[in-house]
Amino acid sequence: MHKMSSSTKNILAGIGVLMLGCIFMMPVFLIFMNAFKPNKDILTNFVAFPKSLYLNNFTEAMDTMNFWVSFKNTVIVTISTVLLSTFTSFICAFGISHLRGRISKFFYLFFVMGQIIPFHTVMIAISVLAKKAHMNNTLWGLVVLNSGFFSSFGIMTFVGFLRGVPKELEEAATLDGCGLWRTMMQVVFPLVRPTTVTVGVLFFLWSWNDFLLPSILVSEKELRTITVNLYMFKTATNAQWNLLIAGLTLSMLPIIAIYIVAQKYITSGLTAGAVKY
Amino acid sequence: MSDLLYKKYKKYYLMLILPALFLYVFSLVGPLIFGTIPSSFYDWNIIEGSRNFVGFNNYIRIFEDKNFINSIIFTTKLALFTIIGTNILAFAIALMINEKLFAKSVSRAMFFIPNIISGIMVSFVWTFIFTGAIPSVAKHLGMESIANISWFGTPNMSALAVIIVSIWQSTGFLMMLYIAGLQTIPDDVIEASKLDGCTGFKKIFYIQVPLLMPTITINLFVSIASAFKAFDIPLALTAGGPAKSTQTVALNIYNDAFGAFRSGYASAKSVILFLIVALITVIQLRITRKREVEA
């Protein structure tokens, strides 16, 4: 028997695994495909290829679901949440890792404890609080609450990494006349870049994909995020599969596009994040 | 750092903690201690505005609440099947992708993308697969019995649907963790085992699995914790139906709180959820820490 050269073997095995991957992703491909069909073609045969590129579904779905408004809201909330929660987590972790003795331990444990509190445990209290603090139907309310939920994970992760940063480096910076703020932002912050990526990527995905908090906090149409908007759109268009499928496709595209562009960071960020649990 | 400098900077260190402390207490610790826990002792309807102290009554009622007990049973089932299914599938895929392959990063992305799409969207995708694609294919192949399956009509099929979608969504993430874990196994260990005749399944079960115990620990922890918080998929896929058979604990609490507005009672339930999640986490960490093998 001939022994296959290792490169042919790699190619054949690679194609095999790629085909398995395509089968795994088939549900998403099928949705994309059906987004280009008129309603009656979807109903007669779901798995047939579209006969022509029928783009009406997209234009109609975009109008009725007010897609760009929800897209804008999601971008605003996500970017602000990532910036606010990553920054506050980092400076807090910096403070905790530089404090000594009991007080440092106390704050660390106090923040880590947040990891075991499920969101569902506080959701009723949050909905009451949001009304009292006039945060319902505001985007900043989402940003503040998200940042609060995420800080536990962020601080735990940053502290783990900051403990490994050699103190000599900071001492040298201080001797050179760097104040505390500059030492923190210009010497230490660049050193923890991998952790910042991890934390930032996770916060981005959590915030982008969140459903429960925005659905509790926001009832106004103009302030819906993509996921909540799609959920509401489904109830409104139950029988019209073509519209819902086009809306679903539109809603999935941004995050898939973001993944393709930032694949390297997302993958390394997620794995590193979980390993540090 | 010198003690003098520490004394000088100490108050600044404390100030750096403040912004995150405010956010954290405001949105998580405060609502838990001043909202959820006290509310759980009241008969409180958020719409009617009535609020009467009832002591432990809410907690006593929970044990007679068939719907809640059923939701705990369903959540446990969902957790078990999803954990087993996801971990086996993710490990198998990771083993394939760990080899040198053509177009490896594209394949990896295929398995991973479902994980970054929100649970609501993933559920809608599968709603069409169950009600559109599967019957369509089955009819073409002449398999009427499969075409006529009512995926959301019976408790068992609905449960199966929720399990399939949950596995499909979370496999990619665990696959990434397993790939990262497999890469930490040194090549010389694999080479040495090869010389000793340890290949194929033997290699997997005697070398790779034991050395991957730290990763498996993390994965079990991640899977169990997320199963007990499962909400988006059952809500968007089955809405807990038929007849509340696929209601998870989180969904049950949500329905009581925002559907029936029994806010005090739902708060008591959510304290129970908190205790369950905390208990699982502690047990899990204790058991698996002992079994880890150092690579």
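Start with the two domains of chain B: select residues 3-53 as domain 1 and 64-291 as domain 2, bounds that come from an automatic or database domain assignment. Across the boundary, 10 residues of domain 1 of chain B are in contact with 8 residues of domain 2 of chain B. Two residues are in contact if their C-beta atoms, placed from the backbone, lie within 7 Å. Helix H1 (3-39) and strand E1 (42-44) of chain B are the elements that give two or more residues to the domain 1 side. Helices (H or I, at least four residues) and strands (E, at least two) are DSSP runs, numbered from the N terminus. By class, the domain 1 side has 5 nonpolar, 4 polar and 1 charged residues. Nonpolar covers Ala, Val, Leu, Ile, Met, Phe, Trp, Tyr, Cys and Pro; charged covers Asp, Glu, Lys and Arg; the others, Gly among them, are polar. The centres of the two domains of chain B, taken over C-alpha atoms, are 33 Å apart.

This is a predicted model, in which local features need pLDDT of at least 70 and side-chain atom pairs count only at pLDDT 80 or more, while totals for chains, interfaces and linings use all residues. Residues are numbered from 1 along each chain as its sequence is written, and chains are lettered from A and ligands numbered from 1 in the order in which they are written.

Next, select H1(B) alone. What separates the ends of this helix from those of a straight one? H1(B) has 37 residues, yet its end C-alpha atoms are only 47 Å apart, short of the 54 Å that a straight helix would reach at 1.5 Å a residue. The expected span is 1.5 Å times one less than the number of residues. Centre on Pro31(B), where H1(B) bends by about 50°. The bend at a residue is the angle between axes fitted to the seven residues ending there and the seven starting there.

For a second bent helix, go to H13 of chain A, residues 241-261. H13(A) has 21 residues and spans 30 Å from its first C-alpha to its last, close to the 30 Å expected. H13(A) bends by about 30° at Leu253(A), and the proline Pro254(A) follows within four residues.

Now show the contact between the chains. Chain A gives 77 residues and chain B gives 75 residues. On the chain A side, the largest share, 15 residues, comes from helix H1 (residues 6-34) of chain A. The chain A side has 51 nonpolar, 22 polar and 4 charged residues.

For one helix pair across the chains, select H12 (residues 226-236) of chain A and H5 (residues 119-140) of chain B. These helices pack at an angle of about 35°, with their axes 9 Å apart. Axes are lines fitted to C-alpha atoms, for helices over the stretch in contact, and angles run from 0 to 180 degrees between N-to-C directions. Thr227(A), Leu230(A), Tyr231(A) and Lys234(A) in H12(A) meet Ile120(B), Met121(B) and Phe124(B) in H5(B). This contact has 5 nonpolar, 1 polar and 1 charged residues.

Another point where the chains touch is Phe274(B), in helix H13 (residues 263-291) of chain B. Which residues does Phe274(B) touch, not counting those up to four places away in sequence? They are Ile117(A), Pro118(A) and Thr121(A). Phe274(B) is partly exposed, because 19 other C-beta atoms lie within 10 Å. A residue is buried if 20 or more other C-beta atoms lie within 10 Å of its own, exposed if 12 or fewer, and partly exposed in between, with C-beta atoms placed from the backbone.

Compare Met156(A), in helix H7 of chain A. Met156(A) counts as buried because it has 20 C-beta neighbours inside 10 Å. Leaving aside neighbours within four places in sequence, Met156(A) is in contact with Phe111(A), Val112(A) and Gln115(A). The C-alpha atoms of Met156(A) and Phe90(A), 66 residues apart along the chain, are separated by 9.8 Å.

Finish with backbone details in loops:

- Asn66(A) lies in the loop between helix H3 (56-64) and helix H4 (67-98) of chain A, and its phi is near 55°, a positive value in a residue other than glycine.
- Asn137(A), in the loop between helix H6 (119-132) and helix H7 (139-162) of chain A, also has a positive phi, of about 60°.
- Pro242(B) is in the loop between helix H11 (232-237) and helix H12 (249-258) of chain B; a cis peptide bond joins Gly241(B) to Pro242(B), with omega about -5°.
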